[in-house]
Amino acid sequence: MTALRHRRFAGTALLAFAPLLLAQAPAPDAPKPATSATLAAQRGAAAALPQEDNRDATFARQGFIATRADPLIKAADGRPVWNLAAYDWVAGAAPDTVNPSLWRHIGILRQHGLFQVADGIWQVRGFDISNMTVVRGNTGWILIDPLTGRETAKAAMDLVNEKLGQRPVTAVIYSHSHGDHFGGVRGVVDEADVKSGKVAIIAPAHFMAETVSENIMAGAAMGRRVMYQFGTALQPGAQGQIGSGIGSGVSGAEITLIAPTDTINKTDESRVVDGVPMEFQIVSGSEAPSELNVYIAPTRTFLSSEMTTCSLHNILTPRGAKVRDARIWANFIDEALQTWAAAVTA
Ligand SMILES: [Zn+2]
């Protein structure tokens, strides 16, 4: 927001000294229609796209149970931090200002709600940039990745308890050290329950060191660049913001953290979490400097955090996250395939 305010201020100063110049030129941040060059590029992009088979759209709808009735998720002071209806206007052919592939992408990403993934495993999707996975344990819910912020995570949890029955959270797993995979923890867990041993928090080795390094030491610069990478200061629209790659946008919810109580140090480690056997693969140095994947044998379910997604991640992000080693990343995907693919696809 700061950067945009500065740009507006610069525009105002210019208005005082050079009114003629401003009369001829639009404000620097005013949306503009597509130029003929943009239009030609969009048509070229559309012609180069492979034929649509609707497989992604079918996958995205699969297992849908329900979504939240009120589209607005608000902070305690009433400020909206997320709007589930922000992309309801996305329908039909791509507008001239939007790349046709990006348009197709947001049409899939904008779906939201509670989805069943396997027996005893669900996901809340579209309540933030990331998804929250919910596993039914013997006595309560095991959560994998409690979204980016307190309010969106709480809204996701409320939907789970409303549709699947009220149960306590017994464990939280942080798949990796990026803020959108732990920041909502205080919306779903009371720290007193972690301290008393009622709730376990499991994370990959070096999680706290990498979280502090990326979100605090480099936090101010990264936070500012996030606005440019994800367009957080823009409104959703055909001449504004259209998606953020792995999700529709970054929420404005409060980022929180509770330190892990249990650390996974290496691949092949396993735990029985609230009665559910889980095998772990450490994939640190791929998409994040501290990251793990989880395999749940009874349902033959592999959760690959962000190591494999339907989007193509950056190797070097514009916001300045640590460089991802593409070779190590590819090796981890091979390792996962060799270890679990046969069981998952059997
Ligand atoms: Zn990530």
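The following paragraphs lead through the sheet of this predicted model, and then through the helix and the nonpolar core associated with it.

The sheet is open and contains eight strands in the order β1-β4-β5-β6-β7-β8-β9-β10, with mixed pairing. Its edges are formed by β1 (64-66) and β10 (262-264), each of which pairs on one side only, and from one strand to the next the twist averages 25°.

Within this order, β5 and β6 pair in the antiparallel sense over four bridges, with Gln123 standing opposite Thr133 in β6. These two strands form a hairpin with six residues between them, and Gly126 in its turn has a positive phi of about 75°. A further hairpin, through four residues, joins β6 to β7; this pair also runs antiparallel, joined by four bridges, and here the bridge partner of Thr133 is Ile144 in β7. The next pairing is parallel, with four bridges between β7 (residues 141-144) and β8 (residues 169-173), and Trp141 stands opposite Val169 in β8. Strand β6 is mostly covered, four of its five residues being buried.

Helix α6 (residues 150-164) lies across β1, β4, β5, β6 and β7, running at about 135° to β5. In soluble globular proteins, nonpolar side chains tend to be buried together. The largest nonpolar core here has 54 residues, among which Val124, Val134, Leu143, Ala156, Val160, Val172 and Val294 touch the most other members, and α6 gives the most to this core, with six residues. Leaving aside residues up to four places away in sequence, Val160 touches Leu114, Trp122, Val124, Val134 and Trp141.

Terms used
Residues are numbered from 1 along each chain as its sequence is written. This is a predicted model: local features need pLDDT of at least 70, side-chain atom pairs count only at pLDDT 80 or more; totals for chains, interfaces and linings use all residues. Two strands pair if DSSP finds at least two bridges between them. Axes are lines fitted to C-alpha atoms, for helices over the stretch in contact, and angles run from 0 to 180 degrees between N-to-C directions. Two residues are in contact if their C-beta atoms, placed from the backbone, lie within 7 Å. A nonpolar core is a set of buried Ala, Val, Leu, Ile, Met, Phe, Trp, Tyr and Cys residues joined through C-beta atoms within 7 Å. A residue is buried if 20 or more other C-beta atoms lie within 10 Å of its own, exposed if 12 or fewer, and partly exposed in between; C-beta atoms are placed from the backbone.
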